[in-house]
Amino acid sequence: MMPTPGNSNRLDAHTDWTFADAAHLLRRAGLGATPQEVADVLELGRAAAVERLVVAQPESASFQQANTILRQSAIDTNDVDNLKAWWLYRMVHTVNPLRERMTLLWHNHFATSYTKVGSIPAMLDQNDLFRTEALGSFRKLLHGISRDVAMLIWLDSNSNRKRQPNENYARELMELFALDVGNYTEADIQEAARAFTGWHVRQNKFWFNRSQHDAGTKTVLGHTGPFNGNEVVDLCLDQPACPRFLAVKLLREFVTASPSEPLVASLAAVIRRCDFAFEDVLRELLNSRAFYAAEHRGVLIKSPIDLTVGTFRLLGMQPNLDAAVRVNADLGQDLFQPPTVKGWDGHRTWLTSATLLQRTNFVAAVARNERFGERREADLRQAFASGSRRRLLIETALAANSTEQTARLTEEELASGRQQQQAWLQLLLSLPEYQLK
Amino acid sequence: MSRPNRPAVFSPSPSARPHRAAQVTPRFRYWSLALLCTLTLLPLAALEVRAGDSEPARTASTRDVPTFELTHLFPGRPIVYAETRDLKRALDQLQDSEFYNSLLTTPQFDRWRNSKDGRKAYAGRTILETYLGTDVWTAGGELVGDRVGLAVMANESSRMPSGMLIVRMADVSTTNRYLDRILPLLELAEIEQLDWDLPETRGWSVRGRLFVGTRGRWVVLASQEQLATFALERCQSESGATVSSELAELTGVVDERVQPARLLTAVADLKTIRQAAAPEIPLQADNAVASLLFGHLAYLARESSHAIVTLDGDADQLALSMSMQGADLANEPWNSFAPAVGNYATPAVPGLVGGISLSRDLAPWYASREELMQERTLPDFDKFETGLANLLPGRDFQHDVLPLFGPRITFLAARQEYEHLDGRPGVQLPAFAVVLEMAQPDEAADLLTLFFQTLSAILNIQAGQAGRQPWVVSSETHQGVQITYARYLQKPSGERLPYVYNFMPASARVGKHFVIGSSRQLCRDVVDVLQSESGLTTRPHQGFQLNLHSDTIGTLLADNASALSAQAVRSGRTPDEAQEDLNALQQILQQIESLSLESEYENGRFEIRLNGNWK
């Protein structure tokens with residue numbers, strides 16, 4: 001059953017709960033799922049399904065073992081590609097996909113690149129911070145990132161000195177991290193930069209260099225006092241622009257690329273009410289009518305991570321992570337190496353004539369069991385066992401309205417041959433609708 | 001000395017005249033080109049296996065060779081001839097070996113055994129064993145365990161060359177027993193019983209394309225009827241000349257390697273194959289290291305008259321060799337072989353993992369790089385020279401650097417104890433060292449010292465940028481030799497230090513040798529060898545040697561188990577599978593003693609040998 005139009009601005013609870021709703025939830029809030037996982041979530045009911053996403057679930061022993069050795073290997077080898085592979089492993093195999101999605105969201109929000117930082121442990125620590133606070137408090141996150149070693153290196157904080165303030169961090173704090181353009185002045189940036197003087201890195205740790213800190217009086221965002229960095233962060237969080245800015249960010253990630261003003265205002269109010277506790281905010285958003293509204297289905301363009309990790313999860317694969325790292329970089333989302341301080345623009349910029357061709361090549365390779373590891377043969381046989389199973393695979397893979405358009409995929413008789421099954425799968429994954437979520 | 005009637009030119013019937021002259025046909029060209037490539041590439045493929053330095057094995061039992069010569073049963077000179085002896089002994093040894101049996105206990109084998117392919121293979125084996133009435137090991141030993149000869153000959157009456165396979169089985173009753181079991185199966189195919197006018201002989205034709213005959217303990221398969229009857233006529237008279245002379249006579253190759261006291265001896269007439277196939281063997285390589293080490297193989301394949309492959313082995317060793325002869329590299333302007341000076345054996349330092357010793361005169365090879373390398377690789381040489389110019393300003397590599405050095409270079413890898421750290425790196429690399437022979441020791445040593453100092457300075461800047469400990473260049477005297485080394489300003493400490501802390505560069509000059517290492521201890525150990533009475537041992541005529549020691553490799557693997565497991569997980573394995581793979585590799589390494597690969601060049605004969613020893 002398709003959702004009823006007209007609910008697109010409402011954050012009150014959605015009432016229906018269908019296979020398509022469950023698949024939508026796992027595509028948008030998770031990182032993709034197999035038809036069986038969608039069926040399991042359907043069985044749980046909407047509220048319980050959302051609860052399972054927002055509340056941390058225990059990871060398997062195998063996951064934890066792999067997580068440990070991949071993480072350690074990235075540190076030991078000092079190879080950023082191994083770090084990327086570690087994170088991709090988490091995304092593909094975690095039972096907490098919303099946490100990884102939010103970690104990715106914060107990685108893009110507080111975009112920091114290894115290219116300049118040059119330290120695997122520092123990038124790892126930052127990523128851990130994003131994950132710890134992925135569904136936690138944005139307050140803690142903003143305070144944490146202000147003292148994060150990778151961020152301090154990235155924005156040249158060691159050159160932010162009492163008599164020669166460096167405005168990089170103060171500027172990005174207001175423009176990109178908390179307020180957005182138009183909600184502060186150049187004078188606010190200059191004054192805030194003074195508050196962050198002396199926030200340095202020493203021996204790979206945060207160090208408050210008291211001798212380089214400007215303890216004088218500053219005026220920031222209409223308030224005057226001998227502010228330090230923590231106080232400036234709090235001043236930013238107190239601004240009405242802050243929850244609005246975050247509401248737009250969340251809605252563009254989970255609901256629509258162009259959120260309406262009422263929807264932004266509603267979600268901003270929720271964020272303020274929850275005091276930036278994102279577990280509560282997301283619980284409300286993922287249960288809302290707006291999230292499941294018909295006009296919001298299939299309107300977001302999949303990011304490279306959505307496409308690759310989503311495909312691996314859809315097909316239950318244990319992929320070759322090295323190949324996955326390379327293809328994501330080729331498709332424009334090179335983890336730990338975002339292009340600028342603004343991160344990836346996302347949405348329509350993900351698709352170019354070049355990346356669309358590369359996306360098609362990627363799904364073709366997966367369908368043919370090339371480069372990215374083999375799908376388990378038993379799983380493949382099960383997925384194609386009957387027309388109804390194939391229909392479930394289609395409904396899991398494609399966003400709203402796609403099932404009707406692709407009815408021929410299920411209606412046609414499918415021979416049991418392996419090659420024909422691969423061709424069918426390639427056709428499914430090559431559909432334009434598969435680029436959307 | 002009696003000798004069977006083997007005509008110089010085979011003429012068993014008017015319809016099948018001399019076989020010596022190669023009839024060149026397009027299909028034959030493809031076939032022979034493939035064969036030539038196989039023979040040429042065999043040693044390259046062997047490089048995939050790591051290798052040691054033992055001599056080729058000789059088997060005691062094969063000294064008692066039968067007096068009858070298998071080669072008498074072939075009518076003319078073959079293009080390719082291969083003969084095996086005593087395979088039953090090898091099969092028995094393999095079946096009983098711990099190495100083989102340990103492979104069967106690995107989870108990987110178990111997984112394959114239970115896979116679709118594994119189940120099919122075992123089903124096929126069961127059917128075969130049921131049909132033959134014995135297990136495959138026994139059948140293998142009885143069918144091909146005694147003497148087998150295979151010949152490929154030019155065929156003027158057909159587009160395809162002729163082929164003959166001759167097998168001498170253990171005894172008549174064994175031959176008949178297998179015949180009785182196989183014949184009903186052949187009845188299902190389109191076979192025709194033939195009536196050959198030879199005593200105690202039975203013959204069949206399979207669709208007129210394959211002729212099978214038996215006589216006593218002999219089985220003959222041939223692509224032409226007259227070839228089969230030729231062999232069957234002669235196979236009963238098991239007396240004749242000495243073994244080696246007959247093989248040499250048959251193949252036209254007089255060489256100590258062409259003797260049948262081996263598990264396998266194969267000879268290919270490269271000249272005839274080339275004439276028949278006219279293959280285009282490119283001389284230009286696409287990789288500088290491959291060109292330096294093996295570029296001459298292409299030339300040898302183009303110019304040599306014969307290729308010889310031999311396999312020897314017994315209970316705990318195996319030696320595979322391939323040689324080509326008849327081409328003189330010495331006249332080529334790019335020749336880098338320096339057989340007159342020989343090659344150094346790998347110094348036996350403590351904890352040796354492996355080493356590569358090379359004897360090559362780099363100057364002519366480097367000067368001829370535009371002829372020897374593919375066009376697209378040449379810019380890499382320019383990049384190399386530009387990069388080197390930053391470290392050695394004002395020096396040209398070809399004209400100022402290369403002449404300072406002698407032809408012998410040795411690369412070493414050995415376990416390290418990390419005296420320079422309080423703790424261990426997360427990835428534990430072996431210590432590396434290179435021993436360079438210097439033609440002009442004073443000038444070369446100055447140049448290398450400058451190189452060492454400049455490199456240390458550059459790496460120090462990088463270390464500072466990355467927040468690592470910088471190096472301080474220091475020195476010590478060891479065995480009267482000054483060792484210059486770079487120590488860390490503060491001793492790095494920690495359980496899983498960054499991998500860059502594997503390196504503590506050190507260098508020393510000992511007479512005409514200069515040592516550069518990634519560890520001070522390895523540098524000291526090499527100095528000990530160089531200062532010892534025997535010094536570096538020279539192997540005459542040797543051009544290349546690679547050897548590996550499995551026990552130290554096994555220790556290294558164990559030290560880096562976590563990193564290797566991570567690599568396996570990244571490639572799509574589960575953590576459990578990764579651990580199983582590592583365990584299996586360790587298990588195999590425990591059974592292997594050493595592996596070596598070496599090459600020699602002497603008087604127009606090039607030989608490459610792969611030796612393996614196991615416990």
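Here is a short walk through chain B of this predicted model.

Let us begin with how far the model can be trusted. Its scores are ipTM 0.87 and pTM 0.78. For chain B the mean pLDDT is 81, with 85% of the residues at 70 or more. Residues 1-66 of chain B are another matter, since their pLDDT is below 50, although this stretch has 160 contacts in the model beyond near neighbours in sequence. Residues 239-243 of chain B also stay under 50, and there the model has 19 contacts beyond four places in sequence. Where pLDDT is low, the predicted coordinates should not be read in detail.

With that in mind, please find strand β17 of chain B, residues 481-488. Six of its eight residues are buried, that is, under 20% relative accessible area, so β17(B) is largely enclosed by the rest of the structure. Strand β16(B), residues 471-478, pairs with β17(B) in the antiparallel sense over eight bridges. In this pairing B:V472 stands opposite B:R487. The two strands form a hairpin with two residues between them, where B:Q479 takes a positive phi near 55 degrees.

β17(B) has another partner to look at: three bridges join it to β19(B), residues 506-510, and these strands run antiparallel. Here B:T484 of β17(B) stands opposite B:S507 of β19(B).

Finally, let us turn to the surface. B:Y131, B:L185 and B:L188 make a nonpolar patch of about 320 Å². One of these residues, B:L185, belongs to helix α7(B), which covers residues 172-188. With a relative accessible area of 45%, B:L185 is partly exposed.

How values were computed
Residues numbered from 1 in each chain as written. Chains lettered and ligands numbered in written order. Predicted model: local features only at pLDDT ≥ 70, side-chain atom pairs only at ≥ 80, totals over all residues. Heavy atoms only, no water. Buried < 20%, exposed > 50% of the residue type's maximum accessible area, 1.4 Å probe, protein only. Helix = DSSP H or I, 4+ residues; strand = E, 2+ residues; numbered from the N terminus. Pairing = 2+ DSSP bridges. Patch = residues over 30% accessible without salt bridge, like charges linked within 9 Å, V, L, I, M, F, W, Y side chains within 5 Å. Areas by Shrake-Rupley, 256 points an atom, 1.4 Å probe, with all protein chains shown as cover. Salt bridge = Lys/Arg side-chain N within 4 Å of Asp/Glu carboxyl O. pLDDT = per-residue confidence, 0-100. Contact = heavy atoms within 4.5 Å.
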